[in-house]
Amino acid sequence: MMRTAAIDCGTNSIRLLIADSEDGVLTDVVRLMRVVRLGEGVDATGRLSEAALTRTFAAAEEYAGLIAEHGNPPLRFVATSASRDAENRQDFVDGIRSRLGVEPEVISGDEEARLSFDGAVSVLATAGHETVLVIDVGGGSTEFVAGTAAGLIAARSTDMGCVRYTERFLQDDPPTDGQIEAMEAEVRRLIAEAAAEVPLERVTKIVGVAGSVTTVTAHALDLPTYQPERIHGAELPVTAISAAASELLHLPREARAALPYMHPGRVDVIGAGALIWKCVVEHVAGVTGGRVTSAVSSEHDILDGIALSIADRVR
């Protein structure tokens, strides 16, 4: 058994996992999320703002203390969409290095997809013959990755995410029909682009990961609080996912914030994330001719994939 520390820094949140790994199985020691909105404004300006960097560095300092408290295990810090897109990403890299003592890896979209797949399927029972599609709806990008028990088939990262598309399309509260239609048209265009590389028509099972997906699931289940144990592994009909996503998209901000399972850092961007997830599951249900009629939510994702990759590197 070995202990590892993994950090996933995305467009909306930065998350820490300290876990013990044995034979490819992770046991959580610390799992923590801070919403820092690193990618705030990046889609428009191409730069990470000083305020966003300050919030992110504060979280990194908190995580450094926790990592030290748990024995300074091997650490891998992975940064995704916002850091890939920003022209001043070196400021981010330097700031993280000085606080955590490691070089943050600004990974490609394809690597992000592979890590998401590894993390999601590591804890879900899948039959050997199944073609599993993992969808990671992030703040700045959405990953499509298909694979079987034997390994990956194909992966594609697309530049659509809940923060990016809220800023680009959904300016009103709640958004207007015209704003929703414009966003949905762009989402469906990017799904079609992904489908040119990822064989969505061969999929037999959809697994969705990250906060937009799990929040839609919590809404569909009408949970009294955010309950990871009920969300993880929950399988919902596509019709239920679509209905829950549409409700979240059309609720005003005050009503979204009052939902007992809504994280405060997700209130402003859940509508865009929900619409992306809705469009993906509807598209796959359509192209598989009714073979896929439901989707599974996973609380385990790229963060778990990062932790597993550290253990593989050491071995």
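**Close-up views of a predicted model**

**View 1. The surface of the protein.** The protein exposes about 12100 Å². Carbon and sulfur atoms supply 50% of that area. This is a predicted model. Its charges number 28 positive and 46 negative. The mean positions of these two sets are 2 Å apart.

**View 2. The overall fold.** The protein holds 13 helices and eleven strands. Its C-alpha trace spans about 50 × 45 × 40 Å along the principal axes. The radius of gyration is 18 Å, which agrees with the value near 20 Å for a compact globule of 315 residues. Of the 315 residues, 58% are buried. Among contacts with a separation of 6 or more, 70% join residues 24 or more positions apart.

**View 3. The largest nonpolar core.** This core has 49 residues. Leu 133, Phe 144, Met 183, Ile 206 and Trp 277 touch the most other members. Strands E6 (132-137) and E7 (142-148) each supply at least two core residues. So do helices H7 (177-195), H8 (211-221), H10 (238-250) and H12 (270-287). H12 gives the largest share, eleven residues.

**View 4. The surroundings of Ile 206.** Neighbours within four places in sequence are left aside here. Ile 206 is in contact with Leu 133, Ile 135 and Trp 277. Val 281, Val 284, Val 292 and Val 296 also contact Ile 206. Ser 294 and Ala 295 complete the list of its contacts.

**View 5. A second core.** A separate core of 29 residues is also present. Its members include Leu 16, Phe 57, Ala 60 and Ala 82.

Definitions and conventions. Residues are numbered from 1 along each chain as its sequence is written. This is a predicted model: local features need pLDDT of at least 70, side-chain atom pairs count only at pLDDT 80 or more; totals for chains, interfaces and linings use all residues. Side-chain values use heavy atoms; hydrogens and water are left out. Helices (H or I, at least four residues) and strands (E, at least two) are DSSP runs, numbered from the N terminus. The radius of gyration is taken over C-alpha atoms; the globule rule is 2.2 Å times the number of residues to the power 0.38. Buried means under 20% relative accessible area, exposed over 50%, partly exposed in between (1.4 Å probe, protein chains only). Contact means heavy atoms within 4.5 Å. Accessible areas come from the Shrake-Rupley method with a 1.4 Å probe; for residues, only the protein chains shown count as cover. Lys and Arg count as positive and Asp and Glu as negative; His and the chain ends are not counted. The place of a charge is taken as NZ of Lys, CZ of Arg, CG of Asp or CD of Glu. A nonpolar core is a set of buried Ala, Val, Leu, Ile, Met, Phe, Trp, Tyr and Cys residues joined through side-chain atoms within 4.5 Å.
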